[in-house]
Amino acid sequence: MAHPAYLREKARSLRIERKLTIDELAERLALSCSTIYYWVRDLPIRGSGSGGGWPESARRKGNRVMQRKYRLLREAAYQEGLESFDELAEAPSFRDFLCMYIAEGYKRRRHSVELCNSDEVVLRLATSWMRRLSHKPLRYRIQFHADQNVGELRDFWARALGIDPDAIRFQRKSNSGQLKGRQWRSAHGVLAVRVHDTYLRTRLQAWIDHLKAEWTREAG
């Protein structure tokens, strides 16, 4: 709907002279925020959000403060990992879990812990420790081939890990359909289990570093 030109000029005048925000202009002139935004988007005011953000220097300072905050949290989590190693290592399977992650875990992301394998025994151990070490929900994904029955795969892994079948997602392998008849193909697909937990990933790195340091001392 077209609005009288004087309303646009009034909005721009109030924006310049009284530094009103888009919400304030919309309320005063009884117009939608989207209309006001298109009229005054070239007239930013400090702290008014999109269409009027903080100066670049303030944004950079805010980013540095935020980065420092999370860096300190990660450093604290790493130190906590080092300090908790001995207590956790009293359970023999903890070292097994770390060794599995060194060999099979996904290490490129610093915000999540993820391990994939085709052996249900390996995945049982991995999921048991991931559940113990994080309060966040685990995610499951099966990589499969074109000639495999996804229903049977879902049922197999749900029983093996004691999880809801509907919690499992699927990803067709990129070489799907090219391995038919090859006996070494994974009969039940390859299951990936992941938890999005930055601080678990940081503690996990501390545990791995601690274990590798032990190996180095023993080898030396």
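A residue counts as buried when its relative accessible area is under 20%. Arg12, with a relative accessible area of 15%, is therefore buried. This cut-off helps in reading the predicted model described here, in which buried residues make up 37% of the 220 residues.

The overall layout is a good place to start. The protein has eight helices and five strands. Read from the N terminus, these elements follow the order α-α-α-α-α-β-β-α-β-α-β-β-α. Of the contacts in the protein with a separation of 6 or more, 71% are between residues 24 or more positions apart.

Among the helices, α2 (residues 22-29) and α3 (residues 33-40) form a crossing pair. Their axes come within 9 Å and cross at roughly 115 degrees, and the crossing is right-handed. On the α2 side, the contact is made by Ile22, Asp23, Leu25, Ala26 and Leu29; on the α3 side, Cys33, Ile36, Tyr37 and Val40 take part. Sorted by class, the residues in the contact of α2 with α3 are eight nonpolar, no polar and one charged.

Attention now turns to charged side chains. The count of salt bridges comes to six. One of them joins Asp42 to Arg12, with the closest N and O atoms 2.9 Å apart. This pair links distant parts of the chain, since Asp42 sits in the loop between α3 and α4 (56-88) whereas Arg12 belongs to helix α1 (residues 5-18), 30 residues apart. Asp42 has a relative accessible area of 48% and is partly exposed, while its partner Arg12 is buried, as noted at the outset.

In another salt bridge, Glu9 pairs with Arg8, and the closest N and O atoms are 3.4 Å apart. Glu9 counts as partly exposed because its relative accessibility is 48%. Arg8 likewise counts as partly exposed, at 34% relative accessibility.

A further salt bridge brings together the side chains of Glu114 and Arg109, at 3.2 Å from N to O. Here Glu114 is buried, with a relative accessible area of 9%, and Arg109 is partly exposed, at 41%. Through salt bridges that share partners, Arg109, Glu114 and Arg141 are joined into one network.

Arg201, in helix α8 (residues 198-219), offers a contrasting case. Arg201 is buried yet has no salt bridge. The nearest side chain of opposite charge is that of Asp209, 7.9 Å away; a salt bridge requires a side-chain nitrogen of Lys or Arg within 4 Å of a carboxyl oxygen of Asp or Glu. Beyond its neighbours up to four places away in sequence, Arg201 touches Tyr101, Tyr106, Lys107, Arg109, Arg110, His111, Ser112 and Val113. This list includes Arg109, which also forms the salt bridge with Glu114.

Tyr101, another residue touched by Arg201, is found in helix α5 (residues 92-104). With a relative accessible area of 0%, Tyr101 is buried. Leaving aside residues within four places in sequence, Tyr101 is in contact with Tyr106, Lys107, Ser112, Val113, Glu114 and Leu115, as well as with Arg201, Leu204 and Ile208. Glu114, the salt-bridge partner of Arg109, is thus among the residues in contact with Tyr101. The C-alpha atoms of Tyr101 and Ala126 are separated by 8.4 Å, although these two residues are 25 residues apart along the chain.

Conventions: Residues are numbered from 1 along each chain as its sequence is written. This is a predicted model: local features need pLDDT of at least 70, side-chain atom pairs count only at pLDDT 80 or more; totals for chains, interfaces and linings use all residues. Side-chain values use heavy atoms; hydrogens and water are left out. Helices (H or I, at least four residues) and strands (E, at least two) are DSSP runs, numbered from the N terminus. Buried means under 20% relative accessible area, exposed over 50%, partly exposed in between (1.4 Å probe, protein chains only). Lys and Arg count as positive and Asp and Glu as negative; His and the chain ends are not counted. Contact means heavy atoms within 4.5 Å. Axes are lines fitted to C-alpha atoms, for helices over the stretch in contact, and angles run from 0 to 180 degrees between N-to-C directions. A crossing is left-handed if the near helix is turned anticlockwise from the far one by less than a right angle, and right-handed if clockwise. Ala, Val, Leu, Ile, Met, Phe, Trp, Tyr, Cys and Pro count as nonpolar, Asp, Glu, Lys and Arg as charged, and the others, Gly among them, as polar.
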